[in-house]
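Good morning, colleagues. I should like to take a few minutes to walk through a structure that is new to this group. Please keep the display in view as I speak.

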Amino acid sequence: MSDSSPTRDILKAEPRPAFVPNRFREAIYHEIDDAMPLAYTRELGKWLYANRDKLVRGGDDRGASRFNHEITTLERDLPTELYVPFRKMLIEKALAADVLDKLATPDFDLRYIETHATLYHHGSHFEWHDDAPGYDQEIVPTRRVTFCYYLHSDPKMFEGGELEFLDGTLITPSNNKLTLFHPVQQHRVRRVDCWSAKLLHGRWALMGWIHGDPPEGYIERMPELRGRPHSG
Ligand SMILES: [Fe+2]
C-alpha cells in the first residue's frame, strides 16, 4: 500500500477524523491468514455441515442477493466449545489498536458480537451494498467492524465468491482466513460457481459485526459517509 493516497492523507490529518467517507473509495480492510488452529476449523466445518438443515434463505427480497443461505441463531446454537474460542480470537485480533487504526475505526467499548453462518453455493452472490443498514433497512450505527471468517472443504470445490470493494480489491475466500473491514463502504460478493451439488463443497463463512458505541456525529454524518450507491 502506498504511503500517500486520498484515504491515507485523510487518515493522517489532524485532528484525525473518526471515519473515512465512502467517497474516497479505497478499500479499508485487514486480512489475517490462519486465524484459528486448523483442528478448530475442521470441527466448526463438521458442525456447520451437520446443522445444514438450520440454513434459511439469507439476504433480502429486493434482488440484491441470490441463493445465499444463513444460520442467524449461531450465538444460541453453536456449542460453547466452538463459539467461545472464535469470539476470543475476534476480540484479540480485530480490536488490536493497530488493526482498528488500519480499519479507520476509533477505539470503542465492545457491546456485543453478532455472528451468522453463511453458505454461498452454486449461483449465489450478493450485489453492491454497505453494511450500515440492517435487514429492515434501518441504519445500525453500532456496527463498528464487519468480519468474515472463511472455511471450505479441501480441495476447494468452487470458484468465485470473492469479496470485492470499489477500488477493485478482491478478497479470495480461503480456508481459515479472517477478513475485517469498515462496514460503511460499498462491497459485494461475486458469484460462486461450485462443481459439486453437495452443500459441503460451497463457500462457508462465519460473518457478522462487532458492535460498539459509535463515535460522536456518526449517525448525523451517515448519508455523507455512505456516499452515492455504486452503479454498474
Ligand atoms: Fe455486506
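Let me begin with a single pair of residues: His-30 has Leu-180, in strand β11, as its bridge partner. I should say at once that this is a predicted model. The next residue pair to note is Glu-31, which stands opposite Thr-179 in β11. Both pairs belong to the contact between β1 and β11, two strands that pair in the antiparallel sense over 4 bridges.

With that starting point, allow me to give the overall content. The protein contains 6 helices and 14 strands. Of its 232 residues, 31% are buried. Among contacts with a separation of 6 or more, 81% are between residues 24 or more positions apart.

How are the strands of the open sheet ordered? There are 7 of them, in the order β1-β11-β7-β14-β5-β4-β2, and the pairing is antiparallel. The edge strands are β1, residues 29-32, and β2, residues 56-57, each of which pairs on one side only.

We may now step across this sheet. Strand β11 is joined to β7 by 5 bridges, and the two run antiparallel. Within this pairing, Tyr-149 has Leu-178 of β11 as its bridge partner. Strand β11 has 4 of its 5 residues buried, so it is largely enclosed by the rest of the structure.

Further along, β5, residues 110-120, and β14, residues 203-212, pair in the antiparallel sense over 10 bridges. Here the bridge partner of Glu-114 is Trp-209 in β14. Strand β5 is also joined to β4, residues 69-71, by 3 bridges, again in an antiparallel arrangement. In that pairing, Glu-70 stands opposite Thr-118 of β5.

I turn next to the helices. Helix α2, residues 38-50, lies across β5, β7 and β14, and runs at about 90° to β7.

Helix α4 covers residues 80-94, which is 15 residues. From its first C-alpha to its last it reaches 20 Å, close to the 21 Å expected at 1.5 Å a residue. Which residues of α4 are buried? They are Phe-86, Leu-90 and Ala-94. Viewed down the axis of α4, these buried residues fall within an arc of 40°, so they line one face of the helix. On the other side of α4, the exposed residues are Thr-80, Glu-81, Val-84, Lys-88 and Glu-92. As for the buried residues of α4, they pack against α5, β5, β7, β11 and β14.

This brings me to the interior. The largest nonpolar core has 37 residues, and those with the most contacts inside it are Val-145, Phe-147, Tyr-149, Leu-180 and Ala-205. The elements giving two or more residues to this core are α2, α4, β5, β7, β9, β11, β13 and β14. Which element gives the most? It is β7, with 6 residues.

Two of these core residues have appeared already. Leu-180 is the bridge partner of His-30, and Tyr-149 is the bridge partner of Leu-178. Leaving aside residues up to four places away in sequence, Tyr-149 touches Ala-35, Leu-178, Ala-205 and Leu-206.

To close, I would ask you to retain two points. The open sheet has 7 strands with antiparallel pairing, and β7 gives the most residues to the largest nonpolar core. Thank you for your attention.

Methods:
Residues are numbered from 1 along each chain as its sequence is written. This is a predicted model: local features need pLDDT of at least 70, side-chain atom pairs count only at pLDDT 80 or more; totals for chains, interfaces and linings use all residues. Two strands pair if DSSP finds at least two bridges between them. The expected span of a helix is 1.5 Å times one less than its number of residues. A residue is buried if 20 or more other C-beta atoms lie within 10 Å of its own, exposed if 12 or fewer, and partly exposed in between; C-beta atoms are placed from the backbone. The arc is that of the directions from the helix axis to the C-beta atoms. Two residues are in contact if their C-beta atoms, placed from the backbone, lie within 7 Å. Axes are lines fitted to C-alpha atoms, for helices over the stretch in contact, and angles run from 0 to 180 degrees between N-to-C directions. A nonpolar core is a set of buried Ala, Val, Leu, Ile, Met, Phe, Trp, Tyr and Cys residues joined through C-beta atoms within 7 Å.
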